[in-house]
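Q: Please take a close look at one strand pairing in this model, and then work outward to other parts of the fold. A plain account with the cut-offs stated would suit me.

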Amino acid sequence: MGRAVGIDLGTTNSVIATMDGGDASVIANAEGARTTPSVVAFSKGGEVLVGEIAKRQAITNPGRTIRSVKRHMGTDWKIDIDGKDYSAQEISARILMKLKADAEAYLGEPVTEAVITVPAYFGDAQRQATKEAGQIAGLEVLRIINEPTAAALAYGLDKEASDQTILVYDLGGGTFDVSVLEIGDGVFEVKSTSGDTNLGGDDWDQAIIDWLVTEFKNENGVDLSADPMAEQRLKEAAEKAKIELSSRTETEINLPFITASDAGPLHLLKTLTRTEFQKMTDHLVERTRKPFESAIKDAGIKVSEIDHVILVGGSIRMPAIQELVKELTGKEPHKGINPDEAVADGAALQAGVLKGDVKDILLLDVTPLSLSIETMGGVATQMIERNTTIPARKAQIFSTAADNQPEVEINVLQGEREMASGNKSLGNFRLTDLPPAPRGMPQIEVTFDIDANGILSVSAKDLGTGKSQAMTITGGTALSQDEIDRMITDAEAYAAEDAERKAKVEARNNADNIAYQTEKFLKENEESVTDEERDAINVPLTELKALLGDENADAEDLQKKADAVLEASQAVGTRIYSEAAAAADSDAASSDASDDDNDDNVVDAEIIDEDE
């Protein structure tokens, strides 16, 4: 039986760890390093290079070297190499295969199972793509868990006896996450999570690259971004400069023979100070503030209630990031874990839990975005709220919107907008062959089921006939990271507009229902309603139905007309029910009088048996 491992599949670097003697231990790669660059290259001879060896040859082979493929997970991104298209899953699988092979060489036994981490804010498509990459690499993916949660596991294993609230600030090479967790009695419960799946150390590198390109163009009139080989050299120099500025106040960027012009070879030599670097990347630092505030708000706690702050990811070594975290939390970050290895260690611990090697630990993670279905008027009716603990299951009863409706369409949505059009459709399916029935009568139970990997399944069942239909959300229909960011941004920017549109739809649905119920009332009580009363109801009812025919009708006008119909119909209803109650009382009184008369005619008698 093979060994189970934990893998941090990172944007810039990846790490693999396993349980050794009850503790998580990082496995060094074939080159002796504890982290492996997430770089894949195809040599001119067709050989696949992974890790440090791929990174070293990137300058001379830029067109066939792939970095930061994690940012493309869950999208339709592809790269053409020698006439063959490679997807993000396939490239990621090459990295996993390298980690797997190095671990097998170190352990001396097959590695067959793995827990793989993803950013907490990864959507359904990205999680599915990560799982597929593991399968392509020959691994059975035991669980997909969130990176901040894994880091908390690594931090809290020896602290499960005390109740603590911790905040994990995870800034990696390509993604950013903030999670708030409560730890106590071996239970690791995620209270909230937020983030930006398109923000990481690569963006700080790009800021330096853009600065170097601009400066060089101003001085020499040559655009280095148009030269792939020069751009690769700039990437390496920018990453090196960023790292050096974490421990020094200035760094020198020296790239001789970076390019050539008619006058001869050109050299790049620039000095970058920490102050200047922080000025050009201040907007990136500020982008981490909003997810932090969102996570605190969603967790329902005050910043002062946080006991410890854990920094994860190589990018947290930048002084500007550490200063912002101190400003936001008022606390010194915890220094007891390695920010590069904590996520892999936590994944290994979770693998140990799933295999039964680690006892008395329970991990309760959450789903990052709300899940809903589209209902009448294009409203997104929420089924599972964001930051709900997973696995989760929620069922709700819905009905038809029209008489004799033969089928219903279930449109599954992910996002925070009030209206369906503002959210991402994960997929849809139809429940057909519904028996003819008045609207509102069929009982259709819709069930949302999220497994421990955060992957969603949806089913719909007609409770009358027992007919059901189900769907599992697949990677091809779920969210890309750009769409997640857009949904959150749009939700905030258009919150007021969404609320107005939702109010309008709800007012229309309410008015339509009142019109329908009033017509039904008149039909059922045809003999009891006088002509005068019928006219009193029909006048506002006709006006309401005419207004419902206007797609641009105002919500307030609809409500006024609906109230007028209600007032008229309720007056008639009150009269009918009052008369019915009076008649019932009269019948009861007559029955009592009849009983008294019968009592007066009672004769006492004795039955005599004449045979005796």
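A: D80 stands opposite D85 in β9. The partner strands here are β8 (residues 78-81) and β9 (residues 84-87), which run antiparallel and are joined by four bridges. Two strands count as paired if DSSP finds at least two bridges between them. Strands are DSSP runs of E with at least two residues, helices are runs of H or I with at least four, and both are numbered from the N terminus.

The model is a predicted one, in which local features need pLDDT of at least 70 and side-chain atom pairs count only at pLDDT 80 or more, while totals for chains, interfaces and linings use all residues. Residues are numbered from 1 along each chain as its sequence is written, and side-chain values use heavy atoms, with hydrogens and water left out.

Two residues lie between the strands of the β8-β9 hairpin, and D82 takes a positive phi near 55° there. In a regular strand, side chains alternate between the two faces of the sheet. In β8 the covered face holds I79 and I81, and the uncovered face holds K78 and D80. D80, the residue opposite D85, is thus on the uncovered face of β8.

Beyond the hairpin is helix α2 (residues 88-107), which lies across β5, β6 and β7 and runs at about 105° to β5. Angles run from 0 to 180 degrees between N-to-C directions, and the axes are lines fitted to C-alpha atoms, for helices over the stretch in contact. The three strands under α2 form an open antiparallel sheet in the order β6-β5-β7. Its edge strands are β6 (48-50) and β7 (65-67), each pairing on one side only. From one strand to the next, the twist averages 15°. Strand β5 (residues 39-42) is joined to β7 by three bridges, and V40 stands opposite I66 in β7.

T65 is located in β7. Its relative accessible area is 9%, so T65 is buried; buried means under 20%, exposed over 50%, and partly exposed in between, with a 1.4 Å probe and protein chains only. T65 and A41 are 24 residues apart in sequence, yet their C-alpha atoms are 4.1 Å apart. Apart from neighbours within four places in sequence, T65 is in contact (heavy atoms within 4.5 Å) with V39, V40, A41, A54, Q57 and A58. With Q57 there is also a polar contact, side chain to side chain, at 3.0 Å. A polar contact is a pair of N or O atoms within 3.5 Å; within protein, one must be able to donate a hydrogen and the other to accept it, and residues adjacent in sequence count only if both atoms are side-chain atoms.

A second open sheet has four strands, in the order β20-β19-β23-β24, again with antiparallel pairing. β20 (379-384) and β24 (424-431) are at its edges with a single partner strand each, so one side of each has no neighbour in the sheet. Neighbouring strands of this sheet are turned by 30° against each other on average, direction ignored. Seven bridges link β23 (residues 408-414) to β24, and I410 stands opposite F429 in β24. N423 sits in the loop between these two strands, β23 and β24. It counts as buried because its relative accessibility is 8%. The N423 side chain reaches the backbone oxygen of M419 at 3.2 Å.

Among the helices, α4 (residues 147-156) packs on α11 (residues 342-355) at about 80°, with axes 7 Å apart. That makes the two helices roughly perpendicular, a label for 65 to 115 degrees; under 35 counts as roughly parallel, over 145 as roughly antiparallel, and the rest as oblique. From α4, the residues E147, A150, A151, L153 and A154 meet A342, V343, D345, G346, A347, L349 and Q350 in α11.

In helix α10 (residues 319-329), the buried residues are P319, A320, I321, L324, V325, L328 and T329. Their cover includes β12 (164-171), α5 (201-220) and β17 (308-312). Just after α10, G330 takes a positive phi of about 70°.

For the protein overall, there are 15 helices and 27 strands, and buried residues make up 50% of the 612 residues.
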